[in-house]
Amino acid sequence: MAQQGLFGTSLAKKYWMALTGIFLITFLVVHAGINAMIFFNDGGVTFNTWAHFMGTNLIIRTMEIVLFLGLILHVVDGLMLWKQNRAARPTDYAFAKHNANSKWYSRSMGILGTLILLFLIVHLWHFWVKTRHIAGTMEPYGVDAAGQENLFALMADVFSNPLIVVVYVLGCFSLFWHLLHGFRSAFQSLGLNHKKYNGAIAFLGAAFAIIVPLLFASMPVAMYLGWVK
Amino acid sequence: MGNMKLTLKIWRQAGPSAKGAMVDYPVTDISEDMSFLEMLDVLNDKLVREGQEPVAFDHDCREGICGACSLFIDGRPHGPSRHITTCQLHMRKFKDGDVIHVEPWRSGSFPIIKDLVVDRGAFDRIQAAGGFVSVNTNGNLVDANAMPIPKPESDKAFDAAACIGCGACVAACPNSSAMLFVAAKVSQYALLPQGRPEAKERALNMVEQMDKEGFGNCSNIGACEIECPKDISLENIARLNREYLGASVAKE
Ligand code: HEM
Ligand code: SF4
Ligand code: FES
């Protein structure tokens, strides 16, 4: 393991964590934006158009590979940091008041990340593995009013199961806490801490952490309750 | 003499490799004007009279400037108050009948020597790896005031230099990370012109030593800043992150 520089050292691990974290945040913006097209309530036509574009455009498909690599790096790096951090205190305190000096979610990034990962496995199975890699998945759903492949109908089908809706809402809840600490933390890791901007970063971070997971969670709920058709 | 009665639960460990345990000690006649260390002195006085082994704990200046006194008191480094060391903690912060846990700093990088005394040599080795400026001292010293330094910069450097190396940041951190200490030591030089020539080497070498000592990584949790007796700011950690990034990219 390197002892200085941009790989392997404690600080390097955090730079990569922050960069991949911010990259995942930008992905969430695109993902949430496109999925929100279901709220046009047009039987999924607008949504299906965008989904088709995302599924076929060469640049987007290339970015998908970069996205997977970024996610894997974030997960592996995060788990390595977590393991090292646990090992750094072999004997714990008999009595400690952690809440007196820090927030529980700041201390629980590893657990929150793992919950997100478990959710992602379920989520990728539902919408990525089945549509891209299992032939015939889309056939029962036919086409939409505009004659496009009907991903919207698959979504409606998946979210007709209340258990799955609950799993998705919990996944979004974990993401909320992960981002509430992670957004600001990423700036600090990269050395971006300045009195003039800290307030804005904190505000933006809290707003993002609330709005994006809430938007995501509203989709399965809205579909289950039949608010979007 | 005061009249507080307390129950202390103190970590006792006979030596570095001995097995330790929390042991209960009732203490009486404690005045609220005593410092926490004076209260321990009362306990030790009693233990010695009874022919028992006194509780080993670190202390030196007893006025909040040396950093020797440590102790994880009632679940927090240096006890319940902010911006103080244990020698500055007074018994008026506690109530008659309280049960108070007293533990050593817990970190794999701070091995226990005895009872509440830990070896903070890791900090010395980090400091030796780069926490200095190399100046020629054989007769041609430069007058300190010959180099003008803007007041805001010198204030920030002094704020960072206020770190007393107590280790409360490591003790408080869920990751047992030494980032606040290293950041303070890197910053106090990085902010001054005298420190710039060696800034790259300093950041790289001190972080390398920090990693070698086995401290955890910084998750920006912020417990260190809250528990630091000298109010060292997290801004310093951001500065270390910048210094290290710049040094890693630019170093030949
Ligand atoms: C879309 C999903 C995710 C996003 C947007 C995201 C974002 C972030 C951000 C911005 C940070 C802060 C980086 C820093 O402190 O510099 C972070 C930290 C972290 N993430 Fe994620 N993350 C995601 C998924 C995951 C997953 C699946 C894991 C699985 C293990 C994970 C584990 C961690 C850990 C352990 C940290 C804390 C690292 C540390 O400071 O020690 N994250 N994440
Ligand atoms: S940064 Fe604060 S808590 Fe850490 S060693 Fe220095 S004075 Fe003590
Ligand atoms: S004994 Fe010196 S700081 Fe407490």
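Which cavity is the space taken by ligand 2? In this predicted model, the space that ligand 2 takes up is the largest cavity. The shell around the ligand is made of 13 residues, and B:Cys163, B:Cys166, B:Gly167, B:Cys169 and B:Cys228 are the closest of them. Two elements of chain B, helix 4 (168-172) and helix 5 (179-190), each give two or more residues to this shell. Sorted by class, the shell around ligand 2 holds 11 nonpolar residues and 2 polar ones, while charged residues are absent from it.

The loop that joins these two helices deserves a closer look. B:Ser176 is found there, between helix 4 and helix 5 of chain B, and B:Ser176 has a positive phi of about 55 degrees even though the residue is not a glycine. Most residues other than glycine have a negative phi. With a relative accessible area of 0%, B:Ser176 counts as buried, because the cut-off for that class is under 20%.

A second residue of chain B with a positive phi, again of about 55 degrees and again not a glycine, is B:Arg62. B:Arg62 belongs to the loop that runs between helix 1 (36-49) and strand 3 (72-73) of chain B. Is B:Arg62 buried or partly exposed? At 27% relative accessibility B:Arg62 counts as partly exposed, because this value falls between the 20% limit for buried residues and the 50% limit for exposed ones.

Helix 4 and helix 5 of chain B also take part in the packing around another element of that chain. In helix 2, which covers residues 121-128 of chain B, the buried residues are B:Gly121, B:Ala122, B:Phe123 and B:Ile126. Among the elements that cover these buried residues are helix 4, helix 5 and helix 6 (199-212) of chain B.

Taken as a whole, chain B contains 8 helices and 7 strands, and its C-alpha atoms fill a box of roughly 60 × 40 × 35 Å along the principal axes. Of the 252 residues in chain B, 55% are buried. When the contacts in chain B with a separation of 6 or more are considered, 69% of them join residues that are 24 or more positions apart.

Chain A is built from 7 helices and 0 strands, so that the order of its elements from the N terminus on reads α-α-α-α-α-α-α, as the assignment of helices and strands defines them. The C-alpha trace of chain A spans about 60 × 40 × 35 Å along its principal axes. Buried residues account for 43% of the 229 residues in chain A, and residues 24 or more positions apart provide 73% of the contacts in chain A that have a separation of 6 or more.

Within chain A, where is the kink in helix 4 centred? Helix 4 of chain A, residues 109-133, has a kink of about 45 degrees, and this kink is centred on A:Leu124. The buried residues of the helix are A:Met109, A:Gly110, A:Leu112, A:Ile116, A:Phe119, A:Leu120, A:His123, A:His126 and A:Phe127; two of these, A:His123 and A:His126, are histidines. The buried residues of helix 4 pack against four other helices of chain A, namely helix 1 (10-35), helix 3 (58-87), helix 5 (151-158) and helix 6 (162-189).

Technical notes
Residues are numbered from 1 along each chain as its sequence is written. Chains are lettered from A and ligands numbered from 1 in the order in which they are written. This is a predicted model: local features need pLDDT of at least 70, side-chain atom pairs count only at pLDDT 80 or more; totals for chains, interfaces and linings use all residues. Side-chain values use heavy atoms; hydrogens and water are left out. A residue is near a molecule or strand if one of its heavy atoms lies within 4 Å of it. On a 1 Å grid over the protein atoms alone, a cavity is a set of points where a 1.4 Å probe fits but cannot get out, and a pocket is an open set with protein on both sides within 12 Å along at least five of seven lines; lining residues have an atom within 4 Å of a point. A molecule sits in a cavity or pocket if more than half of its atoms lie within 2 Å of its grid points. Ala, Val, Leu, Ile, Met, Phe, Trp, Tyr, Cys and Pro count as nonpolar, Asp, Glu, Lys and Arg as charged, and the others, Gly among them, as polar. The bend at a residue is the angle between axes fitted to the seven residues ending there and the seven starting there. Buried means under 20% relative accessible area, exposed over 50%, partly exposed in between (1.4 Å probe, protein chains only). Contact means heavy atoms within 4.5 Å.
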